[in-house]
Amino acid sequence: MNDAPRSTTPRTVSCPSCGKPVVWQPESRYRPFCSARCRQIDLGAWASESYRVPSSPPDGEDSGETFAPPGIGEGRPR
């Protein structure tokens with residue numbers, strides 16, 4: 001295990017919304033945000049899809065294969 005002494009100075013991080021310094025401790029109610037307002041602004045950005053997680057195209061997308069939608073050619077004729 002690590003027996004190095006821990007620093008007694010709490011870590012300070014920047015609020016992801018406004019950049020204001022936030023002390024990282026249990027008493028910081030909205031961490032990593034500085035306030036409820038900044039937390040709501042960030043939530044709204046996710047909800048409106050302003051933030052996106054990068055991804056790659058699904059496997060086989062560029063293979064040129066086409067698939068019929070579900071239900072086409074299945075079951076008995078009507």
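# Exercises on a predicted model

Apart from neighbours within four places in sequence, Asp 42 has contacts with Ser 17, Phe 33 and Tyr 51. The structure is a predicted model, and the exercises below begin with this residue.

## Exercise 1. The setting of Asp 42

Determine in which element Asp 42 lies, and whether Asp 42 is buried or exposed.

Solution.
1. Locate the residue: Asp 42 belongs to helix H1.
2. Consider the accessibility: the relative value for Asp 42 is 14%. Buried means under 20%, so Asp 42 counts as buried.
3. Compare sequence and space: Pro 16 and Asp 42 are separated by 26 residues in sequence, and their C-alpha atoms are 8.0 Å apart.

## Exercise 2. The overall arrangement

State how many helices and strands the protein has, and what pattern they follow along the sequence.

Solution.
1. Count the elements: there is 1 helix, and there are 2 strands.
2. Read along the sequence: the pattern is β-β-α.
3. Turn to burial: of the 78 residues in the protein, 9% are buried.
4. Examine the contacts: among those with a separation of 6 or more, 4% are between residues 24 or more positions apart.
5. Consider the surface: the accessible surface is about 7500 Å², and carbon and sulfur atoms account for 52% of this area.

## Exercise 3. Cysteines and disulfides

Find how many disulfides the structure holds, and explain why Cys 34 and Cys 38 are in none.

Solution.
1. Recall the term: a disulfide is a covalent bond between the sulfur atoms of two cysteines.
2. Give the count: the structure holds 0 disulfides.
3. Take Cys 34: the nearest cysteine sulfur is that of Cys 18, at 3.6 Å. A disulfide requires sulfur atoms within 2.5 Å, so Cys 34 is in no disulfide.
4. Take Cys 38: the nearest cysteine sulfur is that of Cys 34, at 3.7 Å, and Cys 38 is likewise in no disulfide.
5. Add the accessibility: Cys 34 is partly exposed at 26%, whereas Cys 38 is buried at 4%.

## Exercise 4. An aromatic pair and a surface patch

Identify which residues form the aromatic pair and how their rings are arranged, then name the residues of the nonpolar surface patch.

Solution.
1. Note the description used: a pair of aromatic rings is described by the distance of the centres and the angle of the planes.
2. Give the count: the structure holds 1 aromatic pair.
3. Name the partners: Trp 46 and Tyr 51 form this pair, with ring centres 5.0 Å apart and 65 degrees between the planes.
4. Classify the arrangement: planes over 60 degrees apart count as edge-to-face, so the pair of Trp 46 and Tyr 51 is edge-to-face.
5. Check the accessibility: Trp 46 is partly exposed at 44%, and Tyr 51 is partly exposed at 35%.
6. Place Tyr 51: this residue is in the segment after helix H1 (36–47).
7. Describe the patch: Trp 46, Tyr 51 and Val 53 make a nonpolar surface patch of about 330 Å².

## Exercise 5. Backbone geometry

Determine which residues are joined by a cis peptide bond, and what sign phi has in Glu 49.

Solution.
1. Begin with the general case: most residues other than glycine have a negative phi, and most peptide bonds are trans.
2. Identify the bond: Arg 31 and Pro 32 are joined by a cis peptide bond, with omega about 10 degrees.
3. Place Pro 32: this residue is in the loop between strand E2 (21–24) and H1.
4. Examine Glu 49: phi is positive, near 65 degrees, and the residue is not a glycine.
5. Place Glu 49: this residue lies in the segment after H1, and is exposed, with a relative accessible area of 51%.

Terms used: Residues numbered from 1 in each chain as written. Predicted model: local features only at pLDDT ≥ 70, side-chain atom pairs only at ≥ 80, totals over all residues. Heavy atoms only, no water. Patch = residues over 30% accessible without salt bridge, like charges linked within 9 Å, V, L, I, M, F, W, Y side chains within 5 Å. Areas by Shrake-Rupley, 256 points an atom, 1.4 Å probe, with all protein chains shown as cover. Salt bridge = Lys/Arg side-chain N within 4 Å of Asp/Glu carboxyl O. Helix = DSSP H or I, 4+ residues; strand = E, 2+ residues; numbered from the N terminus. Buried < 20%, exposed > 50% of the residue type's maximum accessible area, 1.4 Å probe, protein only. Contact = heavy atoms within 4.5 Å. Phe/Tyr/Trp six-rings, centres within 6.5 Å; stacked < 30°, edge-to-face > 60°.
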